[in-house]
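Here is a short report for someone meeting this structure for the first time. Please look over the chains before reading on.

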Amino acid sequence: MATVSLEAVGGAHGYLRAQTRWRRSEIAFWLATLLPFLLFPAYLQLASQIAITALFAVSLDLILGYAGIVSLGHAAFFGLGAYTAGLFSKFGWGEPLSGLILASALAGVVGYAASFVIAHFRHLALIMITLGMGLLLQEAANSASELTGGVDGLQGVRMRPLFELFPFDLWGRTAYTYSLAALFLTFLVARRLTHSPFGLSLRGIRENAVRMPALGAPSRTRVRQVYTIAAAMAGMAGALLAQTTLTVSLEVLSFQRSADVLVILILGGAGRLYGGVLGAIIYMVARDQFSGINPQYWYFWIGLLLIAVVLFLPNGILAGLDRAAARFRRRSP
Amino acid sequence: MNTPGPASSSILATVGLQKSFGSLAAAREVSVAIPPGVRYALIGPNGAGKTTLINLMTGMLRPDAGRIFLGGEDITSVPPAERVKRGLARTFQINTLFPRLTALEAVTLAVCERQGHASTWWRSLPAYRDAIDEAYAILGSLALGADCYRLTRTLAYGQQRLLEIALALATRPKVLLLDEPAAGVPRGQSPALFGAIAGLSRDITVLFIEHDMDVVFRFASRIIVMVGGRVLVEGTPQEIAADARVREVYLGQTRHA
C-alpha cells in the first residue's frame, strides 16, 4: 500500500525527507508545553523539573536509544553539571547562562575522557563500568564535603536574574521559561543529530556493531562523539536543576537518579527522542500525585506502572500511541 | 618487509599466511595471488580454512605469520575499516545486517560512510541526495528497489542475502569477498543470486566461497581448492576438474559419506 504513495512524493529521496519533516503532532506538543503558564501557574516549579528531567532523558536516549550504549551511571554527568553550576555561583559568579554553558562543557570534557573506556565495551560490561563510574563520582563528592557540603548539600547558591532582567521568582515562572528554552534548543540539536548521517550511523552501531567496520566505519570514534555530546547535555540538565532550585544535594549523583532516568526513557520509549520527554512528564506527574496520596509507598505505584507498560506496550508508551494512531487513521480514511 | 612481495600484477595477494586456533592450524603457508577482474571460487571441504582465509584478508583475524597485499600495498597491519576504505569488501556467511534499519537506510549508511559524510551531525540526511540516489540504484540493480522501504528484518531470506551484497557494493570495492553468498537459499534460487554476482562490473574482482559445484563451474573463471588449511591446487575449472588430488578429496569424501 505504501509504495505507490512513496513514489508519488519523490521516490527514495522523498521517503527519507518525509521522515525528517516536522509533524503537526510535534508542533502541537511544543505549543502545549506553554500551557502550564496559563492552566497551572501554581505548578511551574514542577513543570521546570519535568523539563530538566526530560532533557536528562533525551541525553540518555542519544546513547542508549540510538547508539545502543547501556548506562546505569548517567547521573555522573548530571551531578557534575549540577555541582559545577552550584559551586560557580557560590563562589561569586551568579550569571546563569555562562554558568550553564561552563557546567555543560565540563561534563562534556569528563564524558569525552570516559568515552575512551566506554567505546571498548558493550552490554553487561558497560552496565558495570557506568555503574562503577557513577559510584566513584558520588563517593568523591561525598568525601570532598568541604567543597560540596557532603550529605548536607551545597548551600549558598545565588542566581543573578536571567539576562539581568528576569529574577528567579518563587512561583517558578522564570525557572520554567529558562528550563523549557534549554530543553527546546537542545532538543532541536538532538533532533537534527538523529536525522543526520551521523545519527544513521549510530543506529547502525546499535543494530550491528560487528558489521560497521565491514562498511569502513570507525564505530568507536562515533561512540566517543555521541557519548561526549550526551554527557554535555546531561551536565546541562544538572546545571539547570542547581540554578533553579538553588541547592545541590548528593542525590544528583546517586544510583537512584541513574536508574530513574533509565526507567523514564524505557517508559516513554527509547530511540525516538520524544519518548524521554513523554516519560519524564508521566513519571514526574505520577510521582507528584502518588506521593501526595501516600508519601511513603509511592514507588509501589511506579513499579506497577513500569510492569504494566513493559507487558502491554513493550516499546514504550510512545510506540503504543503511534500504533493506536495508525489504527485510527486506517479506520477513518 | 624482507618477505618477498607477490607478483605485482595481482590485486589481492597473500604470502605465507599462518593462523592457528590452539592446536588447530586453520591456515598453513597460504599464498595466493589474485589478478584483477577475475571471478575466483574458493572451494574445499568443511573446516578447510576458507572462511578463516577471508577473515585474515579482511583483518577480522590477525595472522600468526605471513603478509597480505592489496593492490601491491602491504595491508597486514591495517585495521579492518581502513581495508574497506582501500577497496576490500566482504559479505558474511550468516546474515550480518541491521534488522531495524530499512534496506534503503542501511545501504545509504554504507554510501555515506564511504563518502565520509557519516560523521556529519548538523545536516539532515535528505541533504545527501547523491548518496540516497546511489543507494537506491544499487538496491535496484539487485532487484531490491521495490522493497527498499521495508525493515531489513521483514525481508525474505533471499532478499537479505542480496542486501548483504548491496552493502558490500556500496563501499565501491575493488575486491569483493563473498562468504557463501547463497548459504541457506533454496538450491533452485542460487543461480539467480549468482546471476546477479556475474552481472557485476568487471572492475570488481570477486572471490566467492561456494559448495555447489554446478554453480562454481558455471560462474568461476578460476578456482582455489583448500584442504586442511593449505592451498591444495589453483587453476581453471577444466584443470581443477581433471586434477587427481581434487578428485581424491571430493570423491573420497562422498565414498565415505
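The report takes the two chains in turn, then the place where they touch.

This is a predicted model: local features need pLDDT of at least 70, side-chain atom pairs count only at pLDDT 80 or more, and totals for chains, interfaces and linings use all residues. Residues are numbered from 1 along each chain as its sequence is written, while chains are lettered from A and ligands numbered from 1 in the order in which they are written.

## The two chains

Helices (H or I, at least four residues) and strands (E, at least two) are DSSP runs, numbered from the N terminus. Chain A has 17 helices and zero strands. Chain B has nine helices and ten strands.

A residue is buried if 20 or more other C-beta atoms lie within 10 Å of its own, exposed if 12 or fewer, and partly exposed in between; the C-beta atoms are placed from the backbone. Two residues are in contact if their C-beta atoms, placed from the backbone, lie within 7 Å. The table sets out buried shares and boxes; each box holds the C-alpha atoms, roughly, along the principal axes.

| Chain | Residues | Buried share | C-alpha box |
|---|---|---|---|
| Chain A | 333 residues | 49% | roughly 65 × 50 × 40 Å |
| Chain B | 257 residues | 46% | roughly 55 × 45 × 35 Å |

The radius of gyration is taken over C-alpha atoms, and the globule rule is 2.2 Å times the number of residues to the power 0.38. Chain A has a radius of gyration of 20 Å, close to the 20 Å from the rule for 333 residues, so chain A is as compact as a globular protein of that length. For chain B the value is 19 Å, which agrees with the radius near 18 Å of a compact globule with 257 residues.

Contacts reach along the sequence too. In chain A, 77% of the contacts between residues at least 6 apart join residues at least 24 apart. In chain B, 64% of the contacts with a separation of 6 or more are between residues 24 or more positions apart.

## Inside chain A

Start with helix H11 (residues 197–207) of chain A. Eleven of its eleven residues are buried. Among them are A:Phe198, A:Leu200 and A:Ile205, along with the charged A:Arg203, A:Arg206 and A:Glu207. What do the buried residues of H11(A) pack against? Their neighbours are helices H5 (44–66), H10 (173–194), H12 and H13 of chain A, together with H3 of chain B.

Helix H16 (residues 298–312) of chain A is hardly covered: one of its 15 residues is buried. The expected span of a helix is 1.5 Å times one less than its number of residues. For H16(A) that gives 21 Å, and its end C-alpha atoms are 22 Å apart, which agrees.

A:Pro218 sits in the loop between helix H12 (211–214) and helix H13 (219–245) of chain A. A:Pro218 has 18 C-beta neighbours inside 10 Å, so it counts as partly exposed. Its C-alpha atom is 9.9 Å from that of A:Ser201, 17 residues away along the chain.

## Inside chain B

Strands of a sheet pair through backbone hydrogen bonds, either parallel or antiparallel. Here, two strands pair if DSSP finds at least two bridges between them.

One open sheet of chain B has four strands in the order E2-E1-E4-E5, with antiparallel pairing. Strands E2 (24–34) and E5 (73–74) stand at its edges, each with a single partner strand, so one side of each has no neighbour in the sheet. Strand E1 (residues 12–21) and strand E4 (residues 65–70) of chain B are joined by five bridges. B:Val15 stands opposite B:Arg67 in E4(B).

Strand E8 (residues 205–209) of chain B has five of five residues buried, so it is largely enclosed by the rest of the structure. On one side lie B:Thr205, B:Leu207 and B:Ile209; on the other lie B:Val206 and B:Phe208. Strand E3 (residues 39–43) of chain B pairs with E8(B) in the parallel sense over four bridges, and B:Leu42 stands opposite B:Ile209. Strand E7 (residues 175–179) of chain B also pairs with E8(B) in the parallel sense, over five bridges. There, B:Leu177 is the bridge partner of B:Leu207.

## Where the chains touch

How many residues of chain B are in contact with chain A? There are 39, and they meet 31 residues of chain A. Helices H2 (80–85), H3 (103–115) and H4 (129–141) of chain B each give two or more residues to this side. H3(B) supplies the largest share, eight residues. By class, this side of chain B has 23 nonpolar, seven polar and nine charged residues. Nonpolar covers Ala, Val, Leu, Ile, Met, Phe, Trp, Tyr, Cys and Pro; charged covers Asp, Glu, Lys and Arg; the others, Gly among them, are polar.
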